[in-house]
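Please open the model in a viewer and keep the selection tool at hand. The tour proceeds from the interior to the surface, one selection at a time.

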Amino acid sequence: MTKHPEQNTIFQSHIDGVLDLHAFRPKEIPDLVREYLQTCRAAGITEIRIIHGKGRGVLRETVHALLRREPMVKHFRLANDRSSWGATLVDIYPPDVPLPEAPAYSGKTAVKLCTQPARSGPVTHPGWYRLLQKIFARR
């Protein structure tokens with residue numbers, strides 16, 4: 001049951017593991033996706049489909065960035081059916097499994113947690129960073 005803030009009415013919604021984001025404003029998406037994942041996990045639904053649409057991919061990247069940071073997400077991938085890159089399939093941990101401390105997904109932009117102490121000495125930047133410095137640094 002959800003309470004609509006403007007009308008103070010309560011309506012009951014059915015949780016079936018499919019979330020269509022077309023009807024929501026972009027600023028509502030992060031809270032909505034997190035809450036939907038938590039609700040599905042509490043209901044025992046571990047396979048979720050998030051429909052974000054094809055478009056330019058901005059909403060898809062927003063959803064994927066959120067999923068990368070969410071500890072309850074085991075895996076996610078683009079759908080391989082007729083919706084293809086217009087939907088993302090998400091696998092989450094069941095409610096009886098404790099969540100890991102760090103997100104399980106190790107995608108291209110996931111942050112790696114460093115547990116080792118910082119090294120003293122000169123800082124070495126990755127190659128791509130040094131290349132950008134050479135290209136854009138003012139001399």
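Of the 18 residues in the largest nonpolar core, which touch the most other members? In this predicted model, they are Val33, Leu37, Ile48, Ile50, Leu67, Val90 and Ile92. Select these residues to begin. The elements H1, S4, H2, S5 and S6 each give two or more residues to this core, and H1 supplies the largest share, with 5 residues.

**First stop: valine 90**

Keep Val90 selected and display its surroundings. Setting aside residues up to four places away in sequence, valine 90 touches Leu37, Ile48, Ile50 and Leu67, among others. The list of residues it touches also includes Thr46, Glu47, Val73, His75 and Phe76.

**Second stop: threonine 88**

Move next to threonine 88, which lies in strand S6. Is this residue buried or exposed? Threonine 88 is buried, as its relative accessible area is 0%. Show its side chain together with two histidines. A polar contact of 2.7 Å links the side chain of threonine 88 to that of histidine 52, and another, of 2.8 Å, links it to the side chain of histidine 64. Beyond its neighbours within four places in sequence, threonine 88 is in contact with several further residues, including Ile48, Arg49, Ile50, Leu67, Phe76 and Leu78.

**Third stop: arginine 60**

Select arginine 60 in helix H2, which spans residues 58-69. With a relative accessibility of 17%, arginine 60 counts as buried, because the cut-off for buried is under 20%. Among the residues in contact with arginine 60, apart from neighbours within four places in sequence, are His52, Lys54, Leu78 and Trp85. Add glycine 86 to the selection: its C-alpha is 7.8 Å from that of arginine 60, although 26 residues separate the two in sequence.

**Fourth stop: the salt bridges**

Turn now to the charged side chains. Side chains of opposite charge can pair when their charged atoms come close. How many salt bridges does a search of the whole structure find? The search finds 5.

Select arginine 49 and aspartate 81, whose closest N and O atoms are 2.9 Å apart in a salt bridge. This pair links distant parts of the chain, 32 residues apart: arginine 49 is in strand S4 (residues 47-51), and aspartate 81 is in the loop between strand S5 (73-78) and strand S6 (87-92). Aspartate 81 is partly exposed, at 37% relative accessible area.

Next, select arginine 34 and aspartate 31, which form a salt bridge at 3.4 Å, N to O. Both are in helix H1 (residues 29-43), and about one helical turn separates them because they are 3 residues apart. Arginine 34 is partly exposed, at 27%, whereas aspartate 31 is exposed, at 52% relative accessibility. Adding Glu70 to the selection shows a network of salt bridges that links Asp31, Arg34 and Glu70.

Finally, select arginine 25 and glutamate 28, whose side chains meet in a salt bridge of 2.9 Å, N to O. Glutamate 28 counts as partly exposed, with 27% relative accessibility.

**Last stop: a nonpolar patch**

Switch to a surface display and select Leu132, Ile135 and Phe136. Together they make a nonpolar surface patch of about 330 Å². Phenylalanine 136 belongs to helix H3 (residues 127-136). At 63% relative accessibility, phenylalanine 136 counts as exposed.

Key: Residues are numbered from 1 along each chain as its sequence is written. This is a predicted model: local features need pLDDT of at least 70, side-chain atom pairs count only at pLDDT 80 or more; totals for chains, interfaces and linings use all residues. Side-chain values use heavy atoms; hydrogens and water are left out. A salt bridge is a side-chain nitrogen of Lys or Arg within 4 Å of a carboxyl oxygen of Asp or Glu. Buried means under 20% relative accessible area, exposed over 50%, partly exposed in between (1.4 Å probe, protein chains only). Helices (H or I, at least four residues) and strands (E, at least two) are DSSP runs, numbered from the N terminus. A polar contact is a pair of N or O atoms within 3.5 Å; within protein, one must be able to donate a hydrogen and the other to accept it, and residues adjacent in sequence count only if both atoms are side-chain atoms. Contact means heavy atoms within 4.5 Å. Patches are made of residues with over 30% relative accessible area and no salt bridge: like charges are joined within 9 Å, nonpolar side chains (Val, Leu, Ile, Met, Phe, Trp, Tyr) within 5 Å. Accessible areas come from the Shrake-Rupley method with a 1.4 Å probe; for residues, only the protein chains shown count as cover. A nonpolar core is a set of buried Ala, Val, Leu, Ile, Met, Phe, Trp, Tyr and Cys residues joined through side-chain atoms within 4.5 Å.
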